[in-house]
Amino acid sequence: MKRALPSILLHAALIFGALLTLTPLGWMVAASFMPTGEANSFPPRLLPSRPTLDHYVDLFTRTNLARNFMNSALVAVFATALSVFFNGMAGYGFAKLRFGGRDRIFRLLTLALVVPAQVGMLPLFLLLRQMGFV
């Protein structure tokens, strides 16, 4: 029983945190089904009084969302396929082949995974700013 209480408290805290984190997402979905203006009322409603799909109908009829979604999906699929293909070949090369500079290149690639690209851009930005370009 002594070990069960901390476990129960931990799980209760995690469930509370998860619900607290998911509440804005749930309200956003509920607000998308509310009639126009109801989401701005005070006090705010958690659930729509009269669920409607008008906002989704407008979204798909007035905008070109379906085509834009397909374009984004196509770019994402091809970019992922190319990345898997080339990274798979590079991984095979690092795993099976022995060549000069292999360990240094691998360390450099590992460092690029650990350090975000924005951090690498910072010195360049500061240099350009000092030179008066930015």
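R45 and E38 join their side chains in a salt bridge, at 2.7 Å from N to O. The model is predicted. Two salt bridges are counted in it. The points below cover these pairs, helix α1, the loop that follows α1, and helix α2.

**Salt bridges**

- Side chains of opposite charge can pair when their charged atoms come close.
- In the R45–E38 pair, the N to O distance is 2.7 Å.
- R45 is partly exposed, because its relative accessible area of 37% falls between the 20% and 50% cut-offs.
- E38 has 11% relative accessibility, so E38 counts as buried.
- D103 and R102 also meet through their side chains in a salt bridge, with 3.4 Å from N to O.
- D103 has a relative accessible area of 45%, so D103 is partly exposed.
- R102 counts as buried, because its relative accessibility is 19% and the cut-off for buried is under 20%.

**Helix α1**

- Helix α1 covers residues 4–32.
- Its 29 residues should span 42 Å at 1.5 Å a residue, and the end C-alpha atoms lie 41 Å apart, so the two values agree.
- At L22, α1 bends by about 35 degrees.
- A proline, P24, follows the bend at L22 within four residues.
- L9 sits in α1.
- L9 counts as exposed, because its 53% relative accessibility is over 50%.
- From L9 to R67 the chain runs 58 residues, and their C-alpha atoms are 48 Å apart.
- A30, A31 and S32 are buried in α1.
- The buried residues of α1 pack against α2.

**S32 and its partners**

- S32 belongs to helix α1.
- Its relative accessible area is 17%, so S32 is buried.
- A polar contact of 2.6 Å links the side chain of S32 to the side chain of Y56.
- Residues up to four places away in sequence aside, S32 touches T52, H55 and Y56.
- V57 lies 25 residues from S32 in sequence, and the C-alpha to C-alpha distance is 11 Å.

**The loop between α1 and α2**

- T52 is found in this loop, which connects α1 (4–32) with α2 (54–62).
- T52 counts as buried, because its relative accessibility is 11%.
- The side chains of T52 and D54 share a polar contact of 3.1 Å.
- Beyond its neighbours within four places in sequence, T52 is in contact with S32, F33, M34 and P35.
- P43 also lies in the loop between α1 and α2.
- The peptide bond from F42 to P43 is cis, and its omega is near -5 degrees.
- As a rule, most peptide bonds are trans.

**Helix α2**

- Helix α2 covers residues 54–62.
- V57 has its place in α2.
- V57 counts as partly exposed, because its relative accessibility is 46%.

Technical notes
Residues numbered from 1 in each chain as written. Predicted model: local features only at pLDDT ≥ 70, side-chain atom pairs only at ≥ 80, totals over all residues. Heavy atoms only, no water. Helix = DSSP H or I, 4+ residues; strand = E, 2+ residues; numbered from the N terminus. Buried < 20%, exposed > 50% of the residue type's maximum accessible area, 1.4 Å probe, protein only. Polar contact = N/O pair within 3.5 Å; in protein donor to acceptor, adjacent residues only side chain to side chain. Contact = heavy atoms within 4.5 Å. Expected span 1.5 Å × (residues − 1). Bend = angle between axes of the 7 residues up to and from the residue. Salt bridge = Lys/Arg side-chain N within 4 Å of Asp/Glu carboxyl O.
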